[in-house]
Amino acid sequence: EESGIDYAALIKDIDFVAYEVPASSNGKRLDAVLVELLNKVNDDSESPISISRSQCGTLLSHDCVLIVSPENATEFRSALQAHKKETATEEENVPHSLIQQHSSPIQRKSHPIEASSILIYPSRHSLLSSSSSSPLLSNFLPPNEIIAQNIPLDVLFEDEHMIVINKQAGMVVHPAAGNWDGTVVNALMYYLMNDSPFGAGEFFTNDAKEEVEANDDADVNQDNAVTNSISTLRPGIVHRLDKGTTGVMVMAKTSSALATLSESFANREVKKQYLAVAIGNPGEDQWINKPIGRHPMHRQRMRVVPDPSAVQYPGGQARLTGARSSAMVKAGRPALSHFHTIHYDGKLSVVEVKIATGRTHQIRVHLQDHGTPVYGDDVYGMSDWNKALSARRGVIRPLLHAQRLEINHPVTGETMVFEAKVADDMMGVIKAIWPAGEKIEF
């Protein structure tokens with residue numbers, strides 16, 4: 001999901017400090033040492049941060065915690081002293097150039113640190129400062145608990161095991177960097193604990209909160225930095241819709257339902273149908289079977305991964321095939337989409353989309369690669385068209401809607417079909433493209 005944050009730019013703004021690991025800390029877990037360093041207040045002028053070990057994992061996942069090995073420590077100290085002498089400064093901050101030359105990022109929170117190594121991590125000032133483009137603490141580090149927020153939800157179905165909603169545009173599904181509140185999960189927590197006629201389920205009770213806190217303090221599943229830093233912030237989430245996408249979304253209320261529903265999605269037993277407004281005409285009965293992977297330059301974007309056997313290299317070099325070529329182009333994950341234009345007015349199309357896989361931004365990436373991007377998509381679309389949509393209708397999101405979802409109930413096994421009405425802003429554009437479509441219920 002889009003957070004709207006340029007992580008690379010944020011990291012460039014970070015002031016890093018160095019800590020020489022004493023013999024008394026030899027073999028200790030990284031997260032335990034890091035929590036102690038960041039939470040330590042040296043004088044009355046400093047404010048406490050109170051960072052948890054799970055939150056430290058988020059810093060690791062963004063390569064914000066690095067280590068200089070004992071073998072390279074002497075060379076690093078000399079380079080740092082030379083820098084201070086050359087710049088006539090006594091600042092404790094470590095230049096980024098030295099960090100790149102002498103250190104390497106740590107990926108595991110359970111990493112045992114060695115005595116005489118040098119730990120490099122963000123300064124307290126960088127974590128708390130709001131003078132830069134965004135304070136690092138609020139962007140990178142998740143809260144320790146979810147805050148219930150009274151945000152209306154359009155509930156399509158609910159029982160003791162699951163809940164299905166029509167997600168509104170502009171809502172991120174779960175708390176994440178840049179969107180720690182105002183999400184579907186925040187709204188769901190409030191609804192289930194206050195308004196649900198079927199009870200809150202398992203994830204938003206005091207017992208569940210205490211279990212999360214206990215796991216954070218113990219050594220339970222602490223190795224995976226990314227998983228541990230955000231998994232407790234997406235309780236019951238089975239699948240996701242992008243921030244600007246509307247439509248059917250199912251969530252579990254119990255651990256057993258979560259496991260069963262997640263397995264259904266993983267095994268591709270769920271039938272998903274979307275409605276999109278596209279620029280141009282994708283055509284009728286079009287199957288797109290192209291792998292999708294993360295963009296090598298723009299890490300917040302996805303792309304269709306090119307065939308390694310057909311890569312054209314610069315400078316007139318010959319094309320390569322085989323293992324060497326494959327190594328140069330990282331493989332994407334299989335992605336299968338079906339497009340069928342319902343109506344085309346010569347410029348824009350109303351398109352029915354079915355997907356057999358659920359890759360990040362799959363529909364948007366496949367339509368872009370097909371030359372017919374989603375109207376209003378500011379990441380994969382056409383800027384001139386998007387500006388016109390914003391100016392004429394005030395719409396500033398991709399016109400994409402999860403219209404229909406067919407899934408088996410996690411307990412009874414009954415086949416259930418859920419449909420969600422198209423949002424008014426998208427419906428207005430559809431009517432302009434296809435006036436006769438007003439008689440059809442979307």
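Colleague: How much area does the protein expose, and what share of it do carbon and sulfur atoms supply?

Modeller: This is a predicted model, and in it the protein exposes about 22,000 Å², with carbon and sulfur atoms supplying 48% of that. Buried residues make up 46% of the 442 residues, and the secondary structure comes to 15 helices and 15 strands.

Colleague: Happy to start there. What makes F157 and F418 an aromatic pair, and why is the pair called tilted?

Modeller: Their ring centres are 5.5 Å apart, and the cut-off for a pair is 6.5 Å. The planes meet at 45°; stacked would need under 30 degrees and edge-to-face over 60, so the pair is tilted.

Colleague: Which parts of the chain does that pair link?

Modeller: Distant ones: F157 sits in strand 5 (residues 155-158) and F418 in strand 15 (residues 415-419), 261 residues apart.

Colleague: Why does F157 count as partly exposed? And is F418 buried or exposed?

Modeller: F157 has 22% relative accessibility. Buried means under 20% and exposed means over 50%, so F157 counts as partly exposed. F418 has a relative accessible area of 7%; because buried means under 20%, F418 is buried.

Colleague: A search of the whole structure finds how many aromatic pairs?

Modeller: The search finds 2. Besides F157 and F418, Y375 and W385 form a pair.

Colleague: What makes the pair of Y375 and W385 edge-to-face?

Modeller: The angle between the planes is 80°, and over 60 counts as edge-to-face. The centre-to-centre distance of 6.2 Å also passes, since centres have to lie within 6.5 Å.

Colleague: Where do Y375 and W385 lie?

Modeller: W385 belongs to helix 14 (383-393), while Y375 lies in the loop between helix 13 (362-369) and helix 14, so the pair ties together parts that are 10 residues apart in sequence. Y375 is buried at a relative accessible area of 5%, whereas W385, at 30%, is partly exposed.

Colleague: Good, now the interior. How many cavities of 30 Å³ or more does the structure hold?

Modeller: It holds 1, and the largest cavity has a volume of about 50 Å³. Strand 8 (271-279) and strand 14 (400-408) each give two or more residues to its lining.

Colleague: By class, what residues make up the lining of the largest cavity?

Modeller: There are 5 nonpolar, 2 polar and 2 charged residues. Among the lining residues are H239, V248, K272, Y274 and R404. Lys and Arg count as charged, so K272 and R404 fall in that class.

Terms used
Residues are numbered from 1 along each chain as its sequence is written. This is a predicted model: local features need pLDDT of at least 70, side-chain atom pairs count only at pLDDT 80 or more; totals for chains, interfaces and linings use all residues. Side-chain values use heavy atoms; hydrogens and water are left out. Helices (H or I, at least four residues) and strands (E, at least two) are DSSP runs, numbered from the N terminus. Buried means under 20% relative accessible area, exposed over 50%, partly exposed in between (1.4 Å probe, protein chains only). Accessible areas come from the Shrake-Rupley method with a 1.4 Å probe; for residues, only the protein chains shown count as cover. On a 1 Å grid over the protein atoms alone, a cavity is a set of points where a 1.4 Å probe fits but cannot get out, and a pocket is an open set with protein on both sides within 12 Å along at least five of seven lines; lining residues have an atom within 4 Å of a point. Grid points are joined across faces, edges and corners, and a volume is the space filled by probe spheres set on the points. Rings of Phe, Tyr and Trp (its six-membered ring) pair if their centres lie within 6.5 Å; planes under 30 degrees apart count as stacked, over 60 as edge-to-face and the rest as tilted.
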